[in-house]
Amino acid sequence: MNHDDLGGGLAGNALYEMVIARGQGDWTAAHAAAKAMSSSPVTAHPARANLYRGAPAVAYILHIADHPAYARSLAQLDAETVAIVADRLDAAHRRMASGRVPRMWEYDLISGLTGLGAYLLHRGRDNLFERVLRYLVRLITEPLAVDGHQVPGWRAATDPRDVVGTGRFAHGHANFGIAHGVAGPLALLALARRTGHTVDGQDDALAEGIAHLAAWAQPLDKGSIGWPELLPLVVLRYVE
């Protein structure tokens, strides 16, 4: 079990105990969970740390706890998270400059810069958060050329497992979900706008992302609307 993993490790249990403690005022179980979570070094490598694992995940838990006993640890983890985000942004912009297609984990909510941006929004790290917003604007508004086709900049180079694909996803895929797809960046851009955080091109990015969703909207039962979860390159085109 990964001690610093929100999805399947001790970190998830710690988050649960922190929320209970804030409501009930008894921190005994929360402190025990925090001790267990911190029994091993926390992952801080930029390629492996994200909102759900490592320093950012543990920092988020301690931020939610909002307890003075964790102030020093939170400050240290917060600094590590800031360094992780800066490193991930630099890598993303180098990838963009080269014209290469992104991996899913570069930008998604679970593993990428959208999730890290959500952490920065909660922590009030405005300058770095705005850098994340500018990156997301570029991701959504700057198309890429793949095999002679113009495709959105958020189309993943890999299959839905984030590995080099075969068969239907041999040339990558587009994901419309909020965890791993374009809905995550759009949600963060929208939330940022509601809280007064705006950068140049943000409204254009929102409109463009919504246009992609509208282009693939499908009627469902009882008058609702949905979207395909995944699309291969052969059916995906850039929306003007």
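**Entry 1: α6 against α8**

I looked up the packing of α6 on α8 in this predicted model. Their axes lie 9 Å apart and meet at an angle of about 20°. Angles under 35 degrees count as roughly parallel, so I recorded α6 as roughly parallel to α8. I noted the crossing of α6 past α8 as left-handed.

I then listed the residues that make the contact. On the α6 side these are Thr-114, Gly-117, Ala-118 and Leu-121, and α8 brings Gly-184, Pro-185 and Leu-188. Sorted by class, the contact holds four nonpolar and three polar residues, with no charged residues.

**Entry 2: surroundings of α6**

I checked burial along α6 next. Eight of its 11 residues are buried, so α6 is largely enclosed by the rest of the structure. The buried residues are Leu-113, Thr-114, Gly-115, Leu-116, Gly-117, Ala-118, Tyr-119 and Leu-120. I found them packed against α3, α4, α5, α7 and α8. Just after α6, I noted a positive phi of about 75° at Gly-124.

**Entry 3: the largest nonpolar core**

I turned to the largest nonpolar core, which has 55 residues. Met-18, Val-85, Tyr-135, Trp-154 and Leu-189 touch the most other members. Helices that each supply at least two residues of this core include α1, α4, α6 and α8. The most come from α7, which gives nine residues.

I followed Leu-189 further. Leaving aside neighbours within four places in sequence, I found Leu-189 in contact with Leu-133, Leu-136, Val-137 and Ile-140, and also with Gln-202, Ala-205 and Leu-206.

Definitions and conventions. Residues numbered from 1 in each chain as written. Predicted model: local features only at pLDDT ≥ 70, side-chain atom pairs only at ≥ 80, totals over all residues. Heavy atoms only, no water. Core = buried A, V, L, I, M, F, W, Y, C linked by side-chain atoms within 4.5 Å. Buried < 20%, exposed > 50% of the residue type's maximum accessible area, 1.4 Å probe, protein only. Helix = DSSP H or I, 4+ residues; strand = E, 2+ residues; numbered from the N terminus. Contact = heavy atoms within 4.5 Å. Axes fitted to C-alpha atoms, helices over the stretch in contact; angles between N-to-C directions. Parallel < 35°, antiparallel > 145°, perpendicular 65-115°, else oblique. Left-handed = near helix turned anticlockwise from the far one by under 90°. Nonpolar A, V, L, I, M, F, W, Y, C, P; charged D, E, K, R; others polar.
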